[in-house]
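The following exercises concern one protein structure. Each gives a task and then a solution in steps.

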Amino acid sequence: EKRWGIFLFDEEKSEIIGVCEVISQKEDGVKVLLIVYTFIDENYRGNRLCYELVKKTILKNEEKKGTLIKVVIAGGESILKCLIKVFKELKYKVKKYKSDEEEDIHKLKTITFEDAIKIEKKNKKTDCWQTLFFTL
């Protein structure tokens, strides 16, 4: 397990305004990059900073030869839309576990980005979390 991340820094105010923290780990023998969290300070939201932060993180992961990226979405349609924008641009596919009952990383199915948003909207009402994977 190896943690790393990228920070956004406002040089004028000399403060950190955003962060994307990830963990490189193995899940059932499969190398995965887990996006732990992405945060942008409230005063800086709406300026495409989430998009830039996530994109830089994903490109850095590609340099490290990482391929499968895991994200757990917990009632965050706005972060999901940010992620989708980045992954669409970088030509990634979105996948989820084949079964809702069994989390088997060796059994993933491809879904559309639109399906991921529909699932998240439904999950928000029932307070369920959605695990997604992104891969080239």
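**Exercise 1. A salt bridge**

Determine which residue forms a salt bridge with Arg3, and where the two partners lie.

*Solution.* Step 1: Arg3 forms a salt bridge with Glu21, and their closest N and O atoms are 2.3 Å apart. Step 2: A salt bridge requires a side-chain nitrogen of Lys or Arg within 4 Å of a carboxyl oxygen of Asp or Glu, so the pair qualifies. Step 3: Arg3 belongs to strand E1 (residues 2-10) and Glu21 to strand E2; the two are 18 residues apart, and the pair links distant parts of the chain. Step 4: By this rule, the count comes to eight salt bridges. The structure is a predicted model.

**Exercise 2. Helices H1 and H2**

Classify the arrangement of helix H1 (residues 49-63) and helix H2 (residues 77-89).

*Solution.* Step 1: The two axes come within 9 Å and cross at roughly 50 degrees. Step 2: Angles under 35 degrees count as roughly parallel, over 145 as roughly antiparallel and 65 to 115 as roughly perpendicular, the rest being oblique. Step 3: H1 and H2 are therefore oblique to each other. Step 4: Their crossing is right-handed. Step 5: Residues in the contact include Cys50, Tyr51 and Val54 of H1, together with Ile79, Cys82 and Leu83 of H2.

**Exercise 3. Helices H2 and H3**

Classify the arrangement of H2 and helix H3 (residues 113-126).

*Solution.* Step 1: The axes come within 10 Å and cross at roughly 170 degrees. Step 2: This angle makes H2 roughly antiparallel to H3. Step 3: Among the residues that meet are Leu80, Ile84 and Phe87 in H2, and Phe113, Ala116 and Ile117 in H3.

**Exercise 4. A surface patch**

Identify the residues that make the nonpolar surface patch of about 340 Å².

*Solution.* Step 1: Phe7, Phe9 and Ile16 make this patch. Step 2: Ile16 lies in strand E2, which covers residues 15-27.

Notes. Residues numbered from 1 in each chain as written. Predicted model: local features only at pLDDT ≥ 70, side-chain atom pairs only at ≥ 80, totals over all residues. Heavy atoms only, no water. Patch = residues over 30% accessible without salt bridge, like charges linked within 9 Å, V, L, I, M, F, W, Y side chains within 5 Å. Areas by Shrake-Rupley, 256 points an atom, 1.4 Å probe, with all protein chains shown as cover. Helix = DSSP H or I, 4+ residues; strand = E, 2+ residues; numbered from the N terminus. Axes fitted to C-alpha atoms, helices over the stretch in contact; angles between N-to-C directions. Left-handed = near helix turned anticlockwise from the far one by under 90°. Contact = heavy atoms within 4.5 Å.
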